[in-house]
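The following exercises concern pairs of charged side chains, the packing of helices and the surface of a protein. Please attempt each task before reading its solution.

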Amino acid sequence: MTDTHVMRRFHFLIALAVVLLDRATKRVVAQNISLHDGLQVIPGFFRITHVENRGAAFGLFADSPSEWKIAMLVLFSVIALIVVSALLWRNSHSMTTTGIGLALILGGALGNLWDRLMNGRVVDFLLFYVGQYQWPAFNVADSAIVVGAGLLVVEILLAKPPAHEESV
């Protein structure tokens, strides 16, 4: 088996791990915490809550009455999955920050797409807040997408220019 095959398998295992962890945590929350109820974890800062998001990331478009909303969100997710999968396939020749970032994004996108296709909504449950200020609730899939995107940004910002540009 070539190094490329090993790396591809590793990257797709990362994506699978994200999907499985996302599915498991959403199931535990949905089965054990009533909708709109929650558990205080760190008073004044963090709570596990059960909310359902019918929109995009962080509740964007959740209140949109458009009958096309779910179809458009699914279509956008499928296009993103195709692009990320192609980039991951092409860049799977070695262990890089880019490969790990793309694998995290792929797993997160698959986790949320699963919810949208099966239920028309995504279960969110991680809620961070300070006083009256709070970040919108999110889930493991959202976290993987954000961390993956962050890794890609770091890779871009820290990338060394090609050798022929350094001498100019």
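**Exercise 1.** Determine which residue forms a salt bridge with Asp115, and state where the two partners lie.

*Solution.* Step 1: In this predicted model, the partner of Asp115 is Arg23, and their closest N and O atoms are 2.6 Å apart. A salt bridge requires such atoms to be within 4 Å, so the pair qualifies.
Step 2: Asp115 belongs to helix α3 (residues 97-119) and Arg23 to helix α1; the pair, 92 residues apart, links distant parts of the chain.
Step 3: Buried means under 20% relative accessible area. Asp115, with 2%, is therefore buried, and Arg23, with 17%, is buried as well.

**Exercise 2.** Explain how Asp22 and Lys26 are placed relative to each other in helix α1, and decide whether they are buried or exposed.

*Solution.* Step 1: The side chains of Asp22 and Lys26 meet in a salt bridge, with 2.7 Å from N to O.
Step 2: These two residues are four residues apart in helix α1, so about one helical turn separates them.
Step 3: Asp22 has 0% relative accessibility and therefore counts as buried; Lys26, at 2%, is also buried.

**Exercise 3.** Identify the salt-bridge partner of Arg121 and classify the accessibility of both residues.

*Solution.* Step 1: Arg121 pairs with Glu52, at 2.6 Å from N to O.
Step 2: Arg121 is in the loop between α3 and β3, whereas Glu52 is in strand β2 (residues 46-53), 69 residues apart.
Step 3: Partly exposed covers the range between 20% and 50%. Arg121, at 22%, is therefore partly exposed, and so is Glu52, at 28%.
Step 4: Elsewhere, salt bridges with shared partners join Asp22, Arg23, Lys26 and Asp115 into one network. The whole structure contains four salt bridges.

**Exercise 4.** Describe how helices α1 and α4 pack, using the angle and distance of their axes.

*Solution.* Step 1: The axes of α1 (residues 3-32) and α4 (residues 140-158) come within 8 Å and cross at roughly 145°.
Step 2: From α1, the contact involves Val18, Leu21, Asp22, Thr25 and Lys26; from α4, it involves Val140, Ala141 and Ala144.
Step 3: Sorted by class, this contact has five nonpolar, one polar and two charged residues.

**Exercise 5.** State which residues form the nonpolar patch on the surface.

*Solution.* Step 1: The patch consists of Met72, Leu75, Ile79, Val83 and Leu87, which together have about 440 Å² of accessible area.
Step 2: Leu87 lies in helix α2 (residues 69-90). With a relative accessible area of 32%, Leu87 is partly exposed.

Methods. Residues are numbered from 1 along each chain as its sequence is written. This is a predicted model: local features need pLDDT of at least 70, side-chain atom pairs count only at pLDDT 80 or more; totals for chains, interfaces and linings use all residues. Side-chain values use heavy atoms; hydrogens and water are left out. Axes are lines fitted to C-alpha atoms, for helices over the stretch in contact, and angles run from 0 to 180 degrees between N-to-C directions. Contact means heavy atoms within 4.5 Å. Ala, Val, Leu, Ile, Met, Phe, Trp, Tyr, Cys and Pro count as nonpolar, Asp, Glu, Lys and Arg as charged, and the others, Gly among them, as polar. Patches are made of residues with over 30% relative accessible area and no salt bridge: like charges are joined within 9 Å, nonpolar side chains (Val, Leu, Ile, Met, Phe, Trp, Tyr) within 5 Å. Accessible areas come from the Shrake-Rupley method with a 1.4 Å probe; for residues, only the protein chains shown count as cover. Buried means under 20% relative accessible area, exposed over 50%, partly exposed in between (1.4 Å probe, protein chains only).
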